[in-house]
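The following paragraphs trace side-chain interactions and helix packing through one structure. Please keep the coordinates at hand while reading.

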Amino acid sequence: MEYWQVVLGLLTAIFLVFLRGAQLKADKQKVVSTRLRSYLMYWRGVILENDLFSIFYVGTEWNKEISEILSNGGDASDLVALEAEKKKTLEALKAAIENGEIKISKEDLEKALKRLPDNFSDYILQYIQKYEQNLLEGKTFITDEEASQLGIHMAHVSIELKMELVSLINSGLGLFVVALSNLEDFDLAEYSNDVAKIAWKGIVVSKHIDTLSNRIDSYAEKSVFELALLNLLGKL
């Protein structure tokens, strides 16, 4: 009888250790999910404020198509084919730029230049460096370590979103500097490929924001107890 009591006591102690670990992880998940949710709301606001909803829409529709493919029994090859199809839509953008249907006027560039200091290229470079540093250090986004608390998939998408944001800002502002440095002769048609790449980064960013926004609610809206229970069952 004493033997079984020892075994039961040992199993209880082990369970309590796992329960405590699950609770501690749930506490971290609650904090991380709240932070991430706030950052995602901010970026969605940036998209709307800058009239970039058309790009965001492409990202959200891409996610819906992925869900349809998976629900119909599709595999990785179908997802790769879908991504290739999405990239083909950029050819229409390139063609429109090269045909002069989309262009940046000298007047618009001059207006932008007037709002910047004389050493605008240094100013923009410092802005990019500061922005990138804050993003990577978790001052304006969650850190990689925090992302890992949300599971492998969420961590992967969060980290990829962060790196794509850095790349998008670098590419977009880099082209902006080139345009401002060459007001007289700048021709957007010569940079149609660069614009297409920037647009693609914007679509990927929007796709990741939509993915995380849909999934983060399941964390943010659950109690610590519910999260702890799911952790204990290995479902997070």
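How many aromatic pairs does the structure hold? In this predicted model, the number of aromatic pairs is six. One of them joins Tyr42 and Trp43, with ring centres 5.2 Å apart and planes at 70°. Because planes over 60 degrees apart count as edge-to-face, the Tyr42 and Trp43 pair falls into that class. Trp43 also pairs with Tyr131: here the ring centres are 6.4 Å apart and the planes stand at 85°, so this arrangement is likewise edge-to-face. Trp43 belongs to helix H1, which covers residues 2-49, whereas Tyr131 belongs to helix H6, residues 120-136. The contact therefore ties together parts of the chain that are 88 residues apart in sequence. Trp43 is buried, with a relative accessible area of 12%, and Tyr131 is buried as well, at 11%. Ring pairs extend this arrangement into a cluster made up of Tyr42, Trp43, Tyr127 and Tyr131.

A further aromatic ring takes part in a contact with a charged side chain. Lys207 lies over the face of Trp62, at 5.1 Å from the ring centre.

The discussion now turns to pairs of opposite charge. The structure holds nine salt bridges, among them one between Lys64 and Glu61, whose closest N and O atoms are 3.3 Å apart. Both residues sit in helix H2, residues 53-71. Why are Lys64 and Glu61 separated by about one helical turn? The reason is that they are three residues apart within H2. Lys64 has a relative accessible area of 49% and is partly exposed.

Helix H2 also contributes Glu65 to a salt bridge with a partner in another helix. That partner is Lys86, and the closest N and O atoms of the pair are 2.5 Å apart. Since Glu65 lies in H2 and Lys86 in helix H3, residues 76-88, the salt bridge ties together parts that are 21 residues apart in sequence. Are the two partners buried or exposed, or in between? Glu65 is partly exposed, at 23% relative accessibility, while Lys86 is buried, with a relative accessible area of 13%.

Helix H5, which spans residues 106-114, contains another such interaction along its own length. Glu110 and Lys106 form a salt bridge with an N to O distance of 3.9 Å. Because these residues are four positions apart in H5, about one helical turn separates them. Glu110 is partly exposed at 30% relative accessibility, and Lys106 is partly exposed with a value of 30%. Through shared partners, salt bridges join Lys106, Glu110 and Glu184 into one network.

Helix H5 also takes part in helix packing. Its partner is helix H8, residues 152-181; the two axes are 10 Å apart and meet at an angle of about 105°. Angles of 65 to 115 degrees count as roughly perpendicular, so H5 and H8 are assigned to that class. Which residues meet where H5 and H8 pack? On the H5 side they are Leu109, Ala112 and Leu113, and on the H8 side Phe176, Ala179 and Leu180. Helix H5 thus appears in two settings: its residues Lys106 and Glu110 form a salt bridge, and its residues Leu109, Ala112 and Leu113 meet H8.

Terms used
Residues numbered from 1 in each chain as written. Predicted model: local features only at pLDDT ≥ 70, side-chain atom pairs only at ≥ 80, totals over all residues. Heavy atoms only, no water. Salt bridge = Lys/Arg side-chain N within 4 Å of Asp/Glu carboxyl O. Buried < 20%, exposed > 50% of the residue type's maximum accessible area, 1.4 Å probe, protein only. Phe/Tyr/Trp six-rings, centres within 6.5 Å; stacked < 30°, edge-to-face > 60°. Lys NZ or Arg CZ within 6 Å of the ring centre and 35° of its normal. Axes fitted to C-alpha atoms, helices over the stretch in contact; angles between N-to-C directions. Parallel < 35°, antiparallel > 145°, perpendicular 65-115°, else oblique. Contact = heavy atoms within 4.5 Å.
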